[in-house]
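User: I'm new to this one and would like to walk through it piece by piece. Can you take my questions as they come?

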Amino acid sequence: MRVADLLDFAWQVVRGSPGRTLLTVLAMGIGVAAVVMVTALGEGARLYVANQFGSLGTNLVIVLPGRSETAGAMPGVLVGKTSRDLTLEDALALKRSPAVRRLAPLIVGAGDIRSGARNREVPVLGTTAEMLDIRHMDMARGQFLPAGDPRHSQPVCVIGAKVASELFGQRPALGEWVRIGDRRFRVIGVMARQGESLGMNTDELVILPLAAAQALFNTEALFRVLVEAKSREQIADAKSDAEEIIRLRHEGERDVIVLTQDAVLATFDRILRALTLAVGSLAAISLAVAGILIMNVMLIAVTQRRREIGLLKALGATGRQIRLAFFTEAALLALGGAAAGLAVGELGRRIGIEMYPTIPFQAPWWALVAAPATAVITAVLFTVAPARRAAMLDPVQALSRR
Amino acid sequence: MIRLTGIMRTFVVGGEEVRALRAVNLEIARGEYLSIMGPSGSGKSTLLNIIGLLDRPNAGTYELDERNVTALTDDESARVRREKIGFVFQFFHLVPRLTAAQNIELPLVLASIEPAERKKRLARLLAEYGLEERANHRPDQLSGGQCQRVAIARAMSMGPTVILADEPTGNLDRHTGQEVLSVLERVHHSGGTVVIVTHDPEIGARAHRRLRVLDGAIVSDDRN
């Protein structure tokens, strides 16, 4: 039998009983759609996290104050040693490492910003001029903090786009004076709209020179230091240098945590990939269930079509041809289901993107290949027994009944 | 052309052996028009099934066109059926979802004949059996006589050595039965070999050679 004829014959069968076909395609389709949507969700989460970390900057090493040692006084009770503050001097000392290109110390707090009668509470970030390049931030108007000795500061500030529009409306914000806490600052720049990244929305932010923020919050302690390594290869050096420099400055105590962006990202990446694979496999169980359904449908078909099978044998169909006819029919049903499932999965993905535009829902390529392939393979495998039964049918008996 | 020698066929029914055919010898020459008659259970259908390679004898040899086909594998006998044997059944056995033309074409499709050649043969068969206007009708839109004409056209599609008809008129009224019979006789007149199994004496009598089967043996063999 020619392949085209085999397909045509199976197509006639599939078309001949639309109800049966619809239900089988539905079962397969649900399975495939489940795999596609669930993996799209997992992969979307993974890409989301990757993007968030990526937007932090490139080749980043993050130094944060904290305890890296805990001592147990009694079983079940952990006593942490008090940590030393991370200071501006610590941060500046990091520049001695040859692997470090630039760095930006950070202080974070909240403050009231006032212009005329308008008043608003905003997150306040104290940092230096290099922050702009490290975090790949863009200016809408004006300029970022001036370069210079971070120990001294000018009374200037840079504000987020949303802060600007809320305080000044349509009026130009550049050159205006605002009051933050009990100090006055001149607005020298407005940030471009960037949206949220890793919980920090630059649109709602006010950025001050580090020394001004230290004075405002009355603290020397840095929130963290962002260090940019000279290249990807030097990230590890920058990290170990940072640990060593701080340790020496803190009298031998390892009381800071140094993270590399890559390490954090790789961990998230692994976790989310494993999660995607796990939930994808769970969804794939529904494909096996659909396979069993196809087996049932085919077993019923063999019983219903006894006469036809007997006739085909009388007309000279070999056992192989009969088996092939059943396999083709099962594969056709599975392919229909896979196509429907992929379509529904894509629809679900688009709805997901519509609802959560920040998460890049996208089924990974292996899921898009594996789901339909699994559908077809299970369908054919589960048809082995019914097809054998059909091929072994005794034509005399099959034909003798009405 | 067809030579059966010492054909035996026994079935086991409910633990008892039933001898459907006992040592049947039969030769059928090319171009013969032969009827097999006998009461139900006499073994006439079993004989037809063995000639049609749908069933296998327990003993004896069967030669078809000078070839011993007694011990062929299932697939080999399927091929021989496809090439040399055309079946016509009492209940027509048309595939209900296929049109008349598709039903007639079925053996050609199973034999992997090219679509162009198929189309040519199909057009000839439709014309020959007066089915041109019914070509795209499904069996449930055809009369009994038309169904059986489709079945005969299907049986003839591969140009078989022999047409085996098992009660071809058994499911038709008298008038239509006569009509179908004359179609089969036309096959015979154009040189085909036709074997009809029937228990209607009137139909059996029209054949040029008449076998009577009783209890698994041929008890008479008359020729005109």
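User: Let's start with a pairing in chain A. Which residue of β12(A) is the bridge partner of A:L125?

Analyst: Sure, and keep in mind that this is a predicted model. Strand β5 (residues 118-127) of chain A runs parallel to strand β12 (residues 206-209) of chain A, and 4 bridges link the two. A:L125 falls within the residue range of β5(A), and its bridge partner in β12(A) is A:I207.

User: Which residue in β12(A) does A:I159 stand opposite?

Analyst: Here the pairing is with strand β7 (residues 156-159) of chain A, which meets β12(A) in the antiparallel sense over 2 bridges. The residue of β12(A) opposite A:I159 is A:V206.

User: Stepping back, is chain A a compact globule or more spread out?

Analyst: Chain A is built with 12 helices and 14 strands. Its radius of gyration is 33 Å, while the globule rule gives 21 Å for 402 residues, so chain A is well over that value. Along the principal axes, its C-alpha trace spans about 105 × 60 × 40 Å. Compared with a compact globule, then, chain A is more spread out.

User: How far apart do the C-alpha centres of domain 1 and domain 2 of chain A lie?

Analyst: The domain assignment splits things up like this: domain 1 takes 3-52 + 266-400, and domain 2 takes 84-254. So you know what is being compared, both belong to chain A. The distance between their C-alpha centres is 55 Å.

User: What share of the contacts in chain A between residues at least 6 apart in sequence join residues at least 24 apart?

Analyst: For background, 41% of the 402 residues of chain A count as buried. As for the contacts you ask about, the share joining residues at least 24 apart is 82%.

User: Over to chain B. Which strands are at the edges of its open sheet of 4 strands?

Analyst: The strand order in that sheet is β2-β1-β4-β5, with antiparallel pairing. Inside it, strand β1 (residues 2-13) of chain B and strand β4 (residues 59-64) of chain B share 5 bridges, and B:L4 has B:Y62 as its bridge partner in β4(B). The strands that pair on one side only are the edges: β2 (16-28) and β5 (67-68) of chain B.

User: How many of the residues of helix α3 of chain B are buried?

Analyst: This helix covers residues 100-110. Among its buried residues are B:I104, B:L106 and B:L108, and also B:Q102 and B:E105. The count is 11 of its 11 residues.

User: Which helices of chain A do the buried residues of α3(B) pack against?

Analyst: Part of the packing is within chain B, against α2 (74-84), α4 (115-128) and α5 (144-156). The rest reaches across to chain A, where the helices are α1 (3-16) and α10 (319-355).

User: Which helix supplies the largest share of the side of chain B that touches chain A?

Analyst: Between the two chains, 22 residues of chain B are in contact with 20 residues of chain A. On the chain B side, α2 and α3 each supply at least two residues. By class, that side has 12 nonpolar, 3 polar and 7 charged residues. The largest share, 6 residues, comes from α2(B).

User: Last one: what is the mean pLDDT of chain B?

Analyst: For the model, the scores are ipTM 0.92 and pTM 0.74. In chain B, 100% of the residues reach a pLDDT of 70 or more, and the mean is 92.

Methods. Residues are numbered from 1 along each chain as its sequence is written. Chains are lettered from A and ligands numbered from 1 in the order in which they are written. This is a predicted model: local features need pLDDT of at least 70, side-chain atom pairs count only at pLDDT 80 or more; totals for chains, interfaces and linings use all residues. A residue is buried if 20 or more other C-beta atoms lie within 10 Å of its own, exposed if 12 or fewer, and partly exposed in between; C-beta atoms are placed from the backbone. Two residues are in contact if their C-beta atoms, placed from the backbone, lie within 7 Å. Ala, Val, Leu, Ile, Met, Phe, Trp, Tyr, Cys and Pro count as nonpolar, Asp, Glu, Lys and Arg as charged, and the others, Gly among them, as polar. Domain bounds come from an automatic or database domain assignment. Two strands pair if DSSP finds at least two bridges between them. The radius of gyration is taken over C-alpha atoms; the globule rule is 2.2 Å times the number of residues to the power 0.38. pLDDT is the predictor's confidence in each residue, from 0 to 100.
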